[in-house]
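Me: Please take a close look at one part of this protein, the metal site, and tell me where its donors sit and what the sheet containing one of the nearby strands looks like.

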Amino acid sequence: MERIKKVFQKMASEEIRSLLITNDKNVRYLTGFTGEDSILLLLKGQAYFITDGRYIEQAKIELPKEVAIVKWESGLIQEAVARINASGVDSVCFEGSQMSYQEGTAFVNNLKISAEPIIDFVEEFRAVKDEAEIKNTVEAVKIVDKTFMHILNYIRPGITEKNVAAEMEHFMKNIGSEGTSFATIVASGVRSSFPHGEASDKVIEKGDIITLDFGALYKGYASDMTRTIAVGEVDPKLEEIYGIVLEAELAGLTAIQEGMMSKELDAIIRKPILEKNLNQRFNHGAGHSIGLDIHEAPFISGKSEVRFKKNMIQTIEPGIYLAGLGGIRIEDDILVQEGQGIILTQSPKLDLIKLPFY
Ligand SMILES: [Mn+2]
């Protein structure tokens, strides 16, 4: 209930008397509810959890007792609208980036008062993790570390990228993952130059470089790690860029700390790549936060003036991609601290791992 109380406090300070929360991760964060198709209405100091018949019993077990559990009569959004209309408040805030067109029109057309979109109202609280959230993330990280060591013994020439992804996902589930935090990336050979090459039917061959980017979920919390490995000997150019990417990644992991601005960190990570004139080949963000979502704010960006806070969990993930040859990316998860952060992912990376095939 602490989290809902904090939202009520923020509402009071901004003179908001009613707020409709429709983002399922925000609903989970505030109530502990792990199901779907449910919304949270914060109205004049009371929290109403609105759901359907499938989730009533589950909600009674998972939710704080102060939250009123409501089974909707004529529709999920309609139930919230009816309560808002009857409450006497003169305006309502809603999550502007969440409703479908259909839900949005049902909401606005039936409301008798004005509606105002808000962005990142609850997400702001989610950025800094509490002890339980850190613990869950650490568990999700342990799963990816174990999976990486397992898959090194499984990968061999002749199997497909999909075989590798399936084995990784099966293994992760068997050791406690609720699923994958995103579609597993296994990109081998020239496909490794696609930063987000989802596993395909391509057969893995001797001399391939392979990017493995994958994540587990533990109690709703995501981990996210990338390692690039080689099947036997690879093009020396790829070994060279492995070293540059590693230098960039280590620079980021060493530098990130409480109070640092996102764009400062972005420049530190990009510097070794820029110095080799390969900045055009690093064509994505340098990292992001993880939590109930796989990509959360703050993002590491050359434009962002957001400052990192203690107990944010960030990924750092530079990459260099050479079309027609291959790509390298290395990604770890780090818990931000006042000084040096705590690197959560432990899988080896200091040398390019070459699987021994002769
Ligand atoms: Mn990532």
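Reply: The metal site comes first, followed by the sheet.

This is a predicted model, in which local features need pLDDT of at least 70 and side-chain atom pairs count only at pLDDT 80 or more, while totals for chains, interfaces and linings use all residues. Residues are numbered from 1 along each chain as its sequence is written, and side-chain values use heavy atoms, with hydrogens and water left out.

The manganese ion has as its protein donors Asp 224 (OD), His 288 (NE2), Glu 317 (OE) and Glu 331 (OE), at 2.1 to 2.4 Å; donors are N, O and S atoms within 2.8 Å of the metal (3.2 Å for Na, K and Ca), and since water is not among the atoms, sites may look incomplete. Along the chain these donors follow the spacing D-x63-H-x28-E-x13-E. Asp 224 belongs to the loop between β10 (221–222) and β11 (225–231), and His 288 to strand β12 (residues 287–289), so the pair ties together parts that are 64 residues apart in sequence; strands (E, at least two residues) are DSSP runs, numbered from the N terminus. Asp 224 is buried, at 3% relative accessible area, and His 288 is buried as well, at 4%, where buried means under 20% relative accessible area (1.4 Å probe, protein chains only).

Strand β11 is also part of an open sheet of four strands, ordered β7-β8-β11-β19 with mixed pairing, where two strands pair if DSSP finds at least two bridges between them. Its edge strands, each pairing on one side only, are β7 (185–188) and β19 (354–355). Between β11 and β19 the pairing is parallel, over two bridges, and Val 231 has Leu 355 in β19 as its bridge partner.

Methods: Buried means under 20% relative accessible area, exposed over 50%, partly exposed in between (1.4 Å probe, protein chains only).
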